[in-house]
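The report that follows treats a single protein chain with its ligand, moving from individual residues to helix packing and the overall fold. Please keep the sequence and the structure in view while reading.

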Amino acid sequence: MLRQAMLALSKSRRAERLVTTSPLTADVVDRYVADDVARVVGALTGEGLLVSVDHLGEEVTDEAAAGQAVAHYLALLDLLPAGADVSVKLTALGLRLSQRLALEHAGAICAAAAQRDLTVTLDAEEHDTIAGLHAVHAALRREHPDVGVVVQSYLPDSLDRCEKLGGARVRLCKGAYTAPGAYTRPADIDRSYVRCLKVLMSGTGYPMVATHDPRLIRIAATLAELAGRDATGFEYQMLYGVRPDEQRRLAGLGARVRVYVPYGSDWYPYLMRRLAERPRNLTFFLRSLLSR
Ligand code: FDA
């Protein structure tokens, strides 16, 4: 219930105005969103962590705004060290205007990234964008085989998706939105996650295990070992500000750990999704408001 309410708020312009104009939210935003992306990336990579950087923004409604999002990404690529990744939301590149436009824009980012030894991963968004996401991903892979894509295990067809994505870089997550017909019980989402993990680990692609869930992290490690993958054969991914100690612990054991680093002024929907994920996050948010 609380999660649904928070996700509904993430789309409310009124709530957005209220939250984003309050000086009291700064501490909470700073916890999840990089204030200075170059500094944060430098600090994380200096500690042996990998990064995937997201220029926050989604759902553009005109071509000019989509073009601006591309320009932001092209400038961002110049700041990143080799081996970094950028996470891209196709709705920010114009997917809701036209699939062709999103493909063209994502292709420009992939081409610029390849020149700098960087990779691109396409985030998964609302359920009505998933068909477009995979169509664009399939088209991009012809020229950029290392472009990655996200699969959300709360979608019942996620296993089928993973089976069709042989050879690809696939980031597996639980899913941060809502979708008709999606699994809603945590146990069902987790079971689906494990089924997908089995396919990805035993396949020919590169699995990216995006979760903070200790049980799924342990299962991923076991499945990787059973599939004969060494530490370079897959990676863990976690969000900036979430379980930073665990990120460092896994990296200290020799695992590849990539931190998803969002930055930019359009942080409202991202923050609301993070608060929706964990009631404890919401308590932290409310307490930091009340303690002022
Ligand atoms: P969940 O939130 O169910 O938590 C499971 C357990 O993890 C908890 O019980 C607790 O033990 C531990 N835990 C979680 N948060 C913690 C915290 N703050 N402190 C301590 N312990 C904590 N979604 C999407 O729809 N599209 C996308 O493209 C992406 N991309 C993406 C990239 C990356 C790198 C990550 C990590 C996640 C995404 N997501 C996403 C978000 C994802 O779908 C999901 O909403 C969140 O990761 C939360 O789910 P968890 O798997 O962490 O488990």
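A residue counts as buried if 20 or more other C-beta atoms lie within 10 Å of its own, as exposed if 12 or fewer do, and as partly exposed in between. The model discussed here is a predicted one, and the burial classes below are to be read with that in mind.

On this scale L159, which has 16 other C-beta atoms within 10 Å, is partly exposed, because that count falls between the two limits. L159 is found in helix α8, residues 158-164, and, when residues up to four places away in sequence are not counted, L159 touches S192, R195, C196 and V199. One of these partners, R195, is 36 residues from L159 in sequence, while the C-alpha atoms of the two are 6.7 Å apart in space.

R171 offers a second case. The place of R171 is in strand β5, and R171 counts as buried because 26 C-beta neighbours lie inside 10 Å. Leaving aside neighbours within four places in sequence, R171 is in contact with T121, G148, V150, M208, A210 and Q237. S52 lies 119 residues from R171 in sequence, with 11 Å between the two C-alpha atoms.

Strand β5 also takes part in the surroundings of the ligand, since β4 (148-152), β5 (169-173) and β7 (235-239) each supply at least two residues of the shell. The largest share, three residues, comes from β7. In total 23 residues surround the ligand, and the closest are D123, C173, T211, H212 and Q237; Q237 is also listed among the contacts of R171. By residue class, the shell divides into eleven nonpolar, five polar and seven charged residues.

Two helix pairs can be set side by side.

| Helix pair | Angle between axes | Axis distance |
|---|---|---|
| α1 (residues 2-9) and α12 (residues 268-277) | about 175 degrees | 8 Å |
| α5 (residues 63-77) and α6 (residues 99-115) | roughly 10 degrees | within 10 Å |

Given the angle of their axes, α1 and α12 are therefore roughly antiparallel to each other. Their contact is made by R3, M6, L7 and L9 on the side of α1, and by M272, R273, L275 and A276 on the side of α12; these residues divide into six nonpolar, no polar and two charged. Helix α12 is mostly covered, with eight of its ten residues buried, namely Y268, P269, Y270, L271, M272, R274, L275 and A276.

The axes of α5 and α6, by contrast, cross at an angle for which the two helices are therefore roughly parallel to each other. Here E63, A66, V70, Y73, L74 and L77 in α5 meet L101, H105, A108, I109, A112 and A113 in α6, and the residues of this contact divide into ten nonpolar, one polar and one charged.

At the level of the whole fold, the protein chain has 13 helices and eight strands. The radius of gyration is 18 Å, close to the 19 Å that the globule rule gives for 292 residues, so the protein chain is as compact as a globular protein of that length. Along its principal axes the C-alpha trace spans about 50 × 45 × 40 Å. Of the 292 residues, 41% count as buried, and among contacts with a separation of 6 or more, residues 24 or more positions apart account for 69%.

Key
Residues numbered from 1 in each chain as written. Predicted model: local features only at pLDDT ≥ 70, side-chain atom pairs only at ≥ 80, totals over all residues. Near = placed C-beta within 6 Å. Helix = DSSP H or I, 4+ residues; strand = E, 2+ residues; numbered from the N terminus. Nonpolar A, V, L, I, M, F, W, Y, C, P; charged D, E, K, R; others polar. Axes fitted to C-alpha atoms, helices over the stretch in contact; angles between N-to-C directions. Parallel < 35°, antiparallel > 145°, perpendicular 65-115°, else oblique. Contact = placed C-beta atoms within 7 Å. Rg over C-alpha atoms; globule rule 2.2 N^0.38 Å.
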